[in-house]
Amino acid sequence: MTEMKDKTGLVEMAWDPITRIVGSLGIYTKIDWAQKKVVECHSTSSVFRGYSIFMKGKDPRDAHFITSRICGICGDNHATCSVYAQNMAYGVRPPHLGEWILNLGEAAEYMFDHNIFQENLVGVDYCEKMVAETNPGVLELANRTEAPHARDHGYRTIGDIMRSLNPLEGEFYREALQVSRSTREMFCLMEGRHVHPSTLYPGGVGTVATVQLFTDYLTRLMRYVEFMKRCLPMHDDLFDFFYEALPGYEEVGRRRILLGCWGSLNDPEHCDFSYENMESWGRKMFVTPGIVVDGKLVTTSLLDINLGIRILLGSSFYEDWADQPMFVTHDPLGNPVDQRHPWNQHTIPRPAKRDFDGKYSWTMSPRWFDGKDHLALDTGGGPIARLWVTALAGLVDTPYVKSTGHSVTITLPRTATKPEVGFEWKIPQWSNALERNRARTYFQAYAAAMALHFAEQALGEVRQGNTKTWEPFKVPEEGVSCGFTEAVRGVLSHHMVIKGGKIANYHPYPPTPWNGSVRDSFGTPGPYEDAVQNTPIFEENTQENFKGIDIMRAVRSFDPCLPCGVHMYTGKGKVLERLHTPHAFGGELG
């Protein structure tokens, strides 16, 4: 952390890089110490990676293998989204069993990633050691406060819960690490390798489907279900306590309710991957796509979502492409496509010295245009947007998960030592740090319940003799396509243009460019910036010993992952001397 005073007397404080996340995220703030409040925030990313540049000219069939390397955390989400875009481009519909297997893999990824982040990374913000350093008064109260759901999770007081989250020492911290191992095994059973799948292809999967395969998955899944029956009430107790212990804590990380979800987990009964039918099959997803503005659901149409995406620059280290030719003027249905849409984006990097009054980050500013405003949507780290949209839409109805129009109900069946349990995620009053974290736990239960449904469907296919998992296809000479899903941290889209049988343009837009975006050309701050600005400071430490825990909780509630935020720029450079080095196996490297 660095600190200095500006001309107005505000204290400038910076955390760069933010710890316990992937990537070089910097948070630069101005704090009114007298009011104990953040008054200004800038979010920066110091890494540029040129996927949208070097994808050009590649064989489209390699797209998912290449783009999965965008991230070492959610690479399978990129592979999945790329495969969806390829399915659309090639006009191929995978066999039902292939889609159930893919859904089982992605559900396992949600369980794995959310679990390890919640308990082993963001959970540390709420552990006994952290609270003792930043809010000793809160810890004293926690040690005296009985946990309302002690019988469900086994911890008598809130202080006991906090101690269980202490890194490397805490009981729940260690247990979560073991759970993450089994969920990763579940993923590998379905998609071959984590985190870069080896059995995932356009047209389906290469996984050999047997009853034993799904039995091995279910054995691990039921242990995870039992774990969730303790995990969910424990987190409810912990997060509810912070509201009670620190009145006004709902303002930490709070921003306007502007949530985007692109939907995930396709229903093979309805999904044919065609652009023409995208609106209808999108609404059949097991996580509903949609956009929530000020608490109201404004659309559940993937067609609307696609056509409304705009990529703005503003404070980013890029040159505008307004004078560049458009790749796509109209979509396959004849709708006009904007020049700032991903299909038409040109990535022209222009490095510069960081200037908070000008350009200061490699992250662009994706926005959703509602016909009037360019909205800085966020994903809330993924789960809160997924649950909020799905709850309001009321379109999901399975044996284990139902959306009611105002909530999502989740039924976890009987396990080895615990009876059947029902949970209900209710739409919260705020989009803030605590509710983003709470939703992450509920969505773990959601993913587990959905996985039970997918496994039952897959076993049904195998028992009926429907063991085909892949459908052949041909790559067209020309085509435009898009893929939509939910990466762990939220919205993920891949837009592809094919010309001459090769990739002419390709743009992946994961959740971090949305959440970690910077001030756009209209001056609108990105979600991290917006959520930290106006966050009150509850930390008990003096300015000299300040750790910024409330700011860190606000940022980490979004589950930041910067490798996906910006897509290594080396510039043109200058070759001083070219050396020819003998290769160990003969020949030369030049």
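Which residue forms a salt bridge with Arg220? To find out, select Arg220 in this predicted model and look for Glu185, its salt-bridge partner, where the closest N and O atoms are 2.9 Å apart. Colouring the helices helps at this stop, because Arg220 belongs to helix α10 (residues 211-245) while Glu185 belongs to helix α9 (residues 171-191), so the pair ties together parts that are 35 residues apart in sequence. If you then show the surface, Glu185 appears as a partly exposed residue, with a relative accessible area of 29%.

Next, select Lys402 together with Asp397, which form a salt bridge whose closest N and O atoms are 2.6 Å apart. Lys402 is partly exposed, with a relative accessible area of 36%, whereas Asp397 is exposed, with a relative accessible area of 60%.

Now move to Asp559 and Arg489, a salt bridge in which the closest N and O atoms lie 3.0 Å apart. Asp559 sits in the loop between α17 (549-556) and β19 (581-582), and Arg489 in the loop between β16 (478-487) and β17 (490-499), so this pair ties together parts that are 70 residues apart in sequence. Are these two residues buried or exposed? Both Asp559 and Arg489 are buried, and hiding the surface may make them easier to view.

For the last selection, take Asp236, Asp240, Glu435 and Arg438, which are joined into one network by salt bridges that share partners. The stops on this tour come from a wider set, since a search of the whole structure finds 30 salt bridges.

Technical notes. Residues are numbered from 1 along each chain as its sequence is written. This is a predicted model: local features need pLDDT of at least 70, side-chain atom pairs count only at pLDDT 80 or more; totals for chains, interfaces and linings use all residues. Side-chain values use heavy atoms; hydrogens and water are left out. A salt bridge is a side-chain nitrogen of Lys or Arg within 4 Å of a carboxyl oxygen of Asp or Glu. Helices (H or I, at least four residues) and strands (E, at least two) are DSSP runs, numbered from the N terminus. Buried means under 20% relative accessible area, exposed over 50%, partly exposed in between (1.4 Å probe, protein chains only).
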